[in-house]
Amino acid sequence: GLKDGAFQLGWTLQFALFSPTRNAELAVAEQAVELASLGLRMARQTARKKLQTLISSLQSALQAVERIPLETRKWELEEKLNRIKYEAGSMSEESWEEFLGEKEAFYEESNERATAVLVSFLELRAVLGLPLGWEVWLK
């Protein structure tokens with residue numbers, strides 16, 4: 001049968017060739033085969049949807065990471081501009097501190113994006129039955 005974690009599917013057919021209840025046993029066996037076939041199709045469909053979801057998740061995570069260099073450059077330019085304003089006295093210390101907090105939040109969020117890529121990649125490999133290879137990532 002098909003095994004997937006806690007999910008298990010299988011069937012067994014047995015009947016005597018010259019039994020008086022042979023026709024009934026045959027009908028029951030045919031229904032069991034049809035039920036098992038339906039279960040297998042449902043399991044395959046569930047696995048396919050999970051795989052599609054994981055692939056989509058990985059693609060989204062990669063797209064989010066691809067934007068980080070451009071967004072980092074934007075924050076660097078904003079910091080230069082705001083530093084000039086702050087040093088010139090046209091920006092209050094409160095506004096400067098608020099800006100620095102927002103910039104720090106961006107860097108924390110960009111680290112979370114990178115982590116999301118790693119997690120999505122490892123989840124996809126696990127579902128595909130590939131070795132996780134996390135040791136390589138640690139080096």
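**Helix α2 and its salt bridges**

Glu79 pairs up with Arg83 in a salt bridge, with 3.0 Å between the closest N and O atoms. This comes from a predicted model. Both partners, Glu79 and Arg83, belong to helix α2, and at 4 residues apart they sit about one turn of the helix from each other. The spacing makes sense, because an α-helix has 3.6 residues a turn and residues three or four places apart therefore point the same way. As for cover, Glu79 counts as buried, with a relative accessibility of 16%, whereas Arg83, at 37%, is partly exposed.

A second pair in the helix follows a similar plan. Glu78 and Lys74 also join their side chains in a salt bridge, here with an N to O distance of 3.2 Å. These two residues are about one helical turn from each other, because they lie 4 residues apart in α2. Glu78 is partly exposed, with a relative accessible area of 28%, and Lys74 is partly exposed too, at 42%.

What does the rest of α2 look like? The helix takes in residues 68-88, 21 residues in total, and runs 30 Å from its first C-alpha to its last, close to the 30 Å expected at 1.5 Å a residue. Its buried residues are Ile68, Thr72, Trp75, Glu79 and Asn82. These residues end up on the same side of α2 because the arc they cover around the axis is only 95°. The other side of the helix has exposed residues, namely Pro69, Leu70, Lys80, Ile84 and Ala88. Cover for the buried residues of α2 comes from elements that include α1 (22-66) and α3 (93-127). Just after the helix comes Gly89, with a positive phi near 90°.

Salt bridges also tie α2 to another helix. The side chains of Glu71 and Arg113 form one of them, at 2.5 Å from N to O. This pair brings together distant parts of the chain, since Glu71 is in helix α2 and Arg113 is in helix α3, 42 residues apart. In terms of exposure, Glu71 is partly exposed at 22% relative accessible area, while Arg113 counts as buried at 10%. The pair is also part of something wider: Arg67, Glu71, Glu109 and Arg113 are linked in a network of salt bridges. In general, side chains of opposite charge can pair when their charged atoms come close. The structure as a whole holds 7 salt bridges.

Helix α3 itself is next. Its 35 residues should span 51 Å at 1.5 Å a residue, and the end C-alpha atoms, 51 Å apart, agree with that. The buried residues of α3 are a mixed group: Trp96, Phe99, Lys103, Phe106, Ser110, Arg113, Val117, Ser120, Leu122 and Leu124. They pack against α1 and α2. Ser110, which lies in this helix, has a relative accessible area of 7% and is buried. A polar atom of the Ser110 side chain lies 2.8 Å from the backbone oxygen of Tyr107. After α3 comes Gly129, another glycine with a positive phi, in this case near 80°.

Helix α1 has 45 residues. From first C-alpha to last it reaches 65 Å, close to the 66 Å expected at 1.5 Å a residue. Buried positions in α1 are Ala29, Ala36, Gly39, Ala43, Leu54, Leu58, Ala61 and Ala64.

Stepping back to the whole protein, the secondary structure adds up to 4 helices and 2 strands, in the order β-β-α-α-α-α from the N terminus. Of the 139 residues, 19% are buried. The accessible surface comes to about 10,800 Å², and carbon and sulfur atoms hold 58% of it. Contacts across the sequence can be put in numbers as well: among those between residues at least 6 apart, 58% join residues at least 24 apart. The Glu71–Arg113 salt bridge, which links α2 and α3 across 42 residues, gives a concrete example of distant parts of the chain being joined.

Notes
Residues numbered from 1 in each chain as written. Predicted model: local features only at pLDDT ≥ 70, side-chain atom pairs only at ≥ 80, totals over all residues. Heavy atoms only, no water. Expected span 1.5 Å × (residues − 1). Buried < 20%, exposed > 50% of the residue type's maximum accessible area, 1.4 Å probe, protein only. Arc of directions from axis to C-beta. Contact = heavy atoms within 4.5 Å. Polar contact = N/O pair within 3.5 Å; in protein donor to acceptor, adjacent residues only side chain to side chain. Areas by Shrake-Rupley, 256 points an atom, 1.4 Å probe, with all protein chains shown as cover. Salt bridge = Lys/Arg side-chain N within 4 Å of Asp/Glu carboxyl O.
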